[in-house]
Amino acid sequence: MNAKPTSKTFLLLADISGYTHFMRESPVASSHARQVIIRLLKALIGASAPPLTVAELEGDAVFFYATTSGDDLDRIAFQIKEQMLSLFASFYAETRKLAEMKACECDACSNVGGLKLKQILHVGDVAIERVNQFTKLFGVDVILIHKLLKNSVPSNEYVLMTGQAHTVITDFHGLTPRILREKVEEFGTVKVVVFYPIHPSSMVRANESPKPTTTDTLTWSCRLKWNTILVLMSRDLKPVRLNTHSMKKRGKQREGSS
Ligand SMILES: [Zn+2]
């Protein structure tokens, strides 16, 4: 009798890079960078479909997973490979749209074209538990994929698969694989396979990147302006509170001296 294949779970991290330094710059650029990231995270989630499921939003990254029953590993692997292409396409379509709208000239908005996407894929053993309304993934393989976010790949735009994932996925749309060995804390040396998309923006087909309409541009412009107002108000309110405090203090001093 054949033993039933062990069920494995695919883990995928889609991580946006290029905006961290804007988060430390001016409050307005930081606020706009946050709005851009929210839009891009939504685009990534919108581009995903079963079997991929969102596990968590983690800063500038979306953590996806896809379960298998053991017999359907190859079929799910094929679907995930296609989905990863869709994630690239959707991400670059959205950055292109944001750049074309030219709704703001702050550092964050002007550099939206410089944002990149990397995707890290692993397959392993995962325990999936419900915590109230949330789904939580547990296991050393979950820890490993997160540790692989820090790696020696000299780029912000690539697909990185663990050796286990590459064995199942086998190739990535005809791109040349580069085999690396990463030193990962607590895991030792881990074999990974990296693919560099040649021109990721060329993955965006014309029908996936429609020109922004006037309504799109106006809506986005209003959103950015509203966030600018919130930033300016929060800065202006601080002196008001200080003045109120110092006025009360001065009042008490006057009462004390009279
Ligand atoms: Zn801006």
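**Strand β7 and its surroundings**

In β7, Y158, L160 and T162 point one way while V159 and M161 point the other, and all are buried (20 or more other C-beta atoms within 10 Å of a residue's own, with C-beta atoms placed from the backbone). Strand β7 spans residues 158–162, and 5 of its 5 residues are buried; strands here are DSSP runs of type E of at least two residues, and helices are runs of H or I of at least four, numbered from the N terminus. This is a predicted model, in which local features need pLDDT of at least 70, side-chain atom pairs count only at pLDDT 80 or more, and totals for chains, interfaces and linings use all residues. Residues are numbered from 1 along each chain as its sequence is written.

Two neighbours flank this strand in the pairing pattern, where pairing requires at least two DSSP bridges between strands. Strand β4 (residues 116–124) runs parallel to β7 and is joined to it by 4 bridges, with V159 of β7 as the bridge partner of Q119. Strand β9 (residues 188–195) pairs with β7 in the antiparallel sense, also over 4 bridges, and here M161 has V193 as its partner.

Turning to the wider fold, the protein chain has 7 helices and 9 strands, and 32% of its 258 residues count as buried. As for confidence, the mean pLDDT (the predictor's confidence in each residue, from 0 to 100) is 86 for the protein chain, and 84% of its residues reach 70 or more. Over residues 240–244, pLDDT stays under 50.

Key. Contact = placed C-beta atoms within 7 Å. Buried ≥ 20, exposed ≤ 12 C-beta atoms within 10 Å, placed from the backbone.
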